[in-house]
Amino acid sequence: MKKLIYTSLVALVLGASACTVTDIQRTVDGVIAGTGGAVTREEVASGLKQALEVGITKGSNQASQTDGYYKNSLIRIPFPPDVKKVENTLRQVGLGNEVDRFVMTLNRGAEDAAKSAVPIFVTAIKQMTIADAWGILKGDKDAATQYLMRTTSTQLQSAFMPVIQRSLEKTNATRYYTDLVTRYNQIPLVQKVNPNLDEYATQKAMDGLFLLIAQEEANIRENPIARTTELLRRVFSNQNQS
């Protein structure tokens, strides 16, 4: 059982590397022989929770900076795609600058809301069980992020929606969007539209945060320098002992 535990731990960090099966087994044997029960199941669970908290904090801090969303092509929130015809038509009638201003304020709203995301995510992480942690330990490099998405998206959306709403109002994105849709609906012969901006912005803001969290999770698993606490180093560094 002990050997299985440490095999999983080593595979977590070395899975994406160029190590051979022999290299990994040699490392596992060295860990077992040299450290005994150095890392407990509880410590592994705590380490994974801590890794997620580190990833969330870094991801949220990155996203909440000015242009954190707007100038990051991976998470930049575009004009709502289900009403792309609105954007195209408005640009055709000379309102391209207004469209661009709205997209910028939409992303500013997400950047502002990201500041409030950390405690929402951390509360969800604390509900993770030891069994959950071991399942994640044996999973893919984004297994923890996938777990978080699977188990918390519904409640996170409910909690995050009011934050996004306030941020969109604060950055005037809501007003600009209402003005754009109103002006579009006044164009003769167009089919009227009125999509829910809050729902769209909330989902896209969450998607962006999850993507950044996944990047940080992978970084912690693969890069020793990213393990910024003693517990993270203990949980993720046993493979270096041989």
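In this predicted model, the count of aromatic pairs comes to 4. One of them joins Phe79 and Tyr177, whose ring centres are 6.4 Å apart and whose planes stand at 50 degrees, so the pair is tilted; the tilted class covers angles that are neither under 30 degrees nor over 60. The pair links distant parts of the chain, with Phe79 in the loop between α3 (41-64) and α4 and Tyr177 in helix α9, 98 residues apart. Phe79 and Tyr177 are both buried. Together with Phe102, these two residues form one aromatic cluster. The neighbour of Tyr177 in the sequence, Tyr176, has a charged group over its ring: Arg101 lies over the face of Tyr176, at 4.0 Å from the ring centre.

Helix α4, which spans residues 84-92, has four buried residues: Val86, Glu87, Thr89 and Leu90. An α-helix has 3.6 residues a turn, so residues three or four places apart point the same way. The cover over the buried residues of α4 includes α5 (96-114) and α9 (173-185). After α4 comes Gly94, with a positive phi near 90 degrees.

The largest nonpolar core has 59 residues. Tyr69, Phe79, Phe102, Phe121 and Phe160 are the residues with the most contacts inside this core. Phe79 and Phe102 thus appear both here and in the aromatic cluster. At least two core residues come from each of α3, α4, α5, α6 (117-125), α7 (130-137), α8 (143-170), α9 and α10 (197-222). In soluble globular proteins, nonpolar side chains tend to be buried together.

Phe121 shows which parts of the chain meet in this core. Leaving aside residues up to four places away in sequence, Phe121 touches Ile56, Leu148, Leu156, Leu209, Phe210 and Ile213.

Phe160, also among the core residues with the most contacts, is touched by Thr202. Thr202 is found in helix α10 and counts as buried because its relative accessibility is 0%, against a cut-off of under 20%. Besides Phe160, Thr202 touches Gln157, Met161 and Ile164, again not counting residues up to four places away in sequence.

The whole structure has 2 cavities of 30 Å³ or more. The second largest cavity holds about 30 Å³ of space. Its lining consists of Ile120, Phe121, Leu156, Phe160 and Met206, and α6 and α8 each supply at least two of the lining residues. Phe121 and Phe160 therefore line this cavity and also belong to the residues with the most contacts inside the largest nonpolar core.

Note on methods:
Residues are numbered from 1 along each chain as its sequence is written. This is a predicted model: local features need pLDDT of at least 70, side-chain atom pairs count only at pLDDT 80 or more; totals for chains, interfaces and linings use all residues. Side-chain values use heavy atoms; hydrogens and water are left out. Buried means under 20% relative accessible area, exposed over 50%, partly exposed in between (1.4 Å probe, protein chains only). Contact means heavy atoms within 4.5 Å. Rings of Phe, Tyr and Trp (its six-membered ring) pair if their centres lie within 6.5 Å; planes under 30 degrees apart count as stacked, over 60 as edge-to-face and the rest as tilted. A charge sits over a ring if NZ of Lys or CZ of Arg is within 6 Å of the ring centre and within 35 degrees of the ring normal. A nonpolar core is a set of buried Ala, Val, Leu, Ile, Met, Phe, Trp, Tyr and Cys residues joined through side-chain atoms within 4.5 Å. On a 1 Å grid over the protein atoms alone, a cavity is a set of points where a 1.4 Å probe fits but cannot get out, and a pocket is an open set with protein on both sides within 12 Å along at least five of seven lines; lining residues have an atom within 4 Å of a point. Grid points are joined across faces, edges and corners, and a volume is the space filled by probe spheres set on the points.
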